[in-house]
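Let us go through this structure step by step, from the whole chain down to a single residue and its surroundings.

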Amino acid sequence: MNYFLTHRLYSPISAIEKMMLDRIKIFRKHDQSAVFVTRDYDREVEYARRKFELPQASYLNMFDYFQGADDKTVAQPDPKSMLLHDSIETSQDGLNETFFQNGYATAVVQYRQVDHSINTISYYDQAHRLSSVDLYDPRGWISMTQLLDEQARVQTQLFWDTHHGLTYVERYGFKASGEWGNLSMQLLFHGQVRFFESLEQLFAYFLDDLTEQDAQARFFADRHETAVESLTEMAKPATKYLVMHSTHLDGNQLNIWVRKAVEAQFSGIIVSTDKQAQDLRQLVSLPVLTVPVRYLADAELNRPHVPIGERPEHTILVVARLSEEKRIGDAIQALKLVLRDFSDAKLNIFGAPMAGYAEQRKLLDQVRQLKLEDHVNFKGFRDDLDDIYTQGQVMAVTSKVEGFNVSILEALSYGVPVVTYAIDYGPTTLVIDGQNGAIVSQNTPEQLAQVVTSLFYDQARLARLSTGAYGSAKRYSEAEVWKKWAKIIAHN
């Protein structure tokens with residue numbers, strides 16, 4: 001079995017998890033077992049799994065595993081017959097019911113808007129304080145109970161199986177440092193009680209148990225901060241690969257996850273480009289293999305071509321999260337220069353802001369200072385970008401580092417020429433100067449603007465690059481990428 005490891009399945013989805021879902025599809029298509037494995041507790045994940053059409057057999061969560069969830073469903077109770085009460089007050093939207101007895105609220109039932117299933121039941125003590133909360137899985141059962149202290153802090157979390165048997169306990173309190181935090185983690189599984197000091201240790205035990213059940217288990221660490229530590233702490237030998245979605249360097253040194261993989265003697269490291277593989281082989285003793293993190297399905301390669309002249313004129317796309325290393329500010333500077341020649345030029349930015357929103361605020365301030373409010377559009381994050389690539393005549397990439405850059409490949413598959421800084425590794429591999437786009441020197445918004453301006457002036461050249469973009473995308477067909485995965489599978 002092939003297990004791809006991350007912390008959770010988000011909705012909206014992030015790039016790494018999206019690539020993992022695509023990998024599940026190609027493995028299943030070639031009759032290879034593939035499981036999307038998540039570590040973190042997330043009782044709402046069932047909705048995301050259905051949204052992304054991930055089969056139940058191809059999804060496994062650590063807590064579900066310990067709780068015996070699988071694909072079980074349990075009939076939820078009727079709160080009215082379960083909770084003592086002499087009156088009930090229902091919220092206007094019908095999503096909250098407050099149960100009263102002798103004039104005091106004893107419980108509040110909260111329902112999910114999506115399907116009106118029970119989300120939580122909060123209980124109040126005789127002093128009218130919140131004392132405990134039952135958290136229901138959408139599949140029916142009480143998944144977890146939180147016990148609170150007099151200050152409404154969570155003191156204990158009790159995790160239940162589908163028959164309301166206790167499977168896992170977390171206790172919280174003041175640590176020696178004086179901070180409130182986790183004091184103990186106790187697992188009741190396979191008829192034994194085990195204690196753990198960290199989530200990483202618990203995940204390592206889970207992976208060991210998978211290995212015990214599946215001697216052919218292969219683990220692929222996609223989310224490094226989630227998987228690598230636990231893979232190194234496993235007690236049982238197993239096949240382990242580190243999957244690089246970005247560069248292997250932190251400054252001029254190997255990043256911590258590569259170093260840990262080397263120290264633990266992983267089976268190999270998977271990168272997206274031959275150039276990165278060549279560079280990394282000079283630094284590590286492990287096998288380094290090349291498999292692009294993104295492939296293009298036949299349907300993506302066979303889309304009808306949209307002529308460049310039928311797209312919004314003088315429109316530049318940026319598809320990147322709003323983080324400092326993406327240097328989106330350089331694209332904004334370049335737009336200011338392009339506007340000297342094309343007063344109708346626009347820059348449409350698709351990407352989610354990072355936690356803290358510092359970079360987003362910085363970019364918005366830059367737009368205001370340059371008086372570009374009518375020309376720069378922040379479009380936010382989109383799960384599905386299928387309808388945006390044909391809405392631009394060129395895409396700009398200004399990152400500091402890239403392991404691959406999925407948005408470049410997707411843009412090329414829609415016939416969008418890409419103008420990129422000379423960035424290792426993906427951009428300078430995907431973009432072929434003069435064939436499907438252009439490569440300019442790093443940190444040069446002026447050069448970026450000069451090339452974009454020249455392309456806007458020369459629509460015939462832009463059309464040729466668009467044709468080249470469509471053609472160059474075929475290098476990453478599903479068939480070509482599968483050949484690389486097949487070699488890894490055959491080797492183990």
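The secondary structure of this predicted model comprises 16 helices together with 25 strands. Measured out along the principal axes, the C-alpha atoms of the protein occupy a box of roughly 80 × 55 × 45 Å. Of the 492 residues within the protein, 54% count as buried, and the surface that the protein exposes comes to about 22,300 Å², with carbon and sulfur atoms supplying 49% of that area.

Two further values describe the protein as a whole. When contacts are taken between residues at least 6 apart in sequence, 56% of them join residues at least 24 apart. As for charge, the protein carries 51 positive and 64 negative charges, and the mean positions of these two sets are 5 Å apart.

From here the view can move to one acidic residue, Asp42, which is placed in the loop between β2 (35–38) and α2 (45–51). Is Asp42 buried or exposed? Its relative accessibility is 15%, and because the buried class takes in residues under 20%, Asp42 counts as buried.

What, then, does Asp42 contact once its neighbours within four places in sequence are left aside? The residues in question are Arg8 and Leu9. With Arg8 the link also involves the side chains, since a polar contact of 3.1 Å joins that of Asp42 to that of Arg8. Asp42 is thus a loop residue that counts as buried and has a side-chain polar contact with Arg8.

Terms used. Residues are numbered from 1 along each chain as its sequence is written. This is a predicted model: local features need pLDDT of at least 70, side-chain atom pairs count only at pLDDT 80 or more; totals for chains, interfaces and linings use all residues. Side-chain values use heavy atoms; hydrogens and water are left out. Helices (H or I, at least four residues) and strands (E, at least two) are DSSP runs, numbered from the N terminus. Buried means under 20% relative accessible area, exposed over 50%, partly exposed in between (1.4 Å probe, protein chains only). A polar contact is a pair of N or O atoms within 3.5 Å; within protein, one must be able to donate a hydrogen and the other to accept it, and residues adjacent in sequence count only if both atoms are side-chain atoms. Contact means heavy atoms within 4.5 Å. Accessible areas come from the Shrake-Rupley method with a 1.4 Å probe; for residues, only the protein chains shown count as cover. Lys and Arg count as positive and Asp and Glu as negative; His and the chain ends are not counted. The place of a charge is taken as NZ of Lys, CZ of Arg, CG of Asp or CD of Glu.
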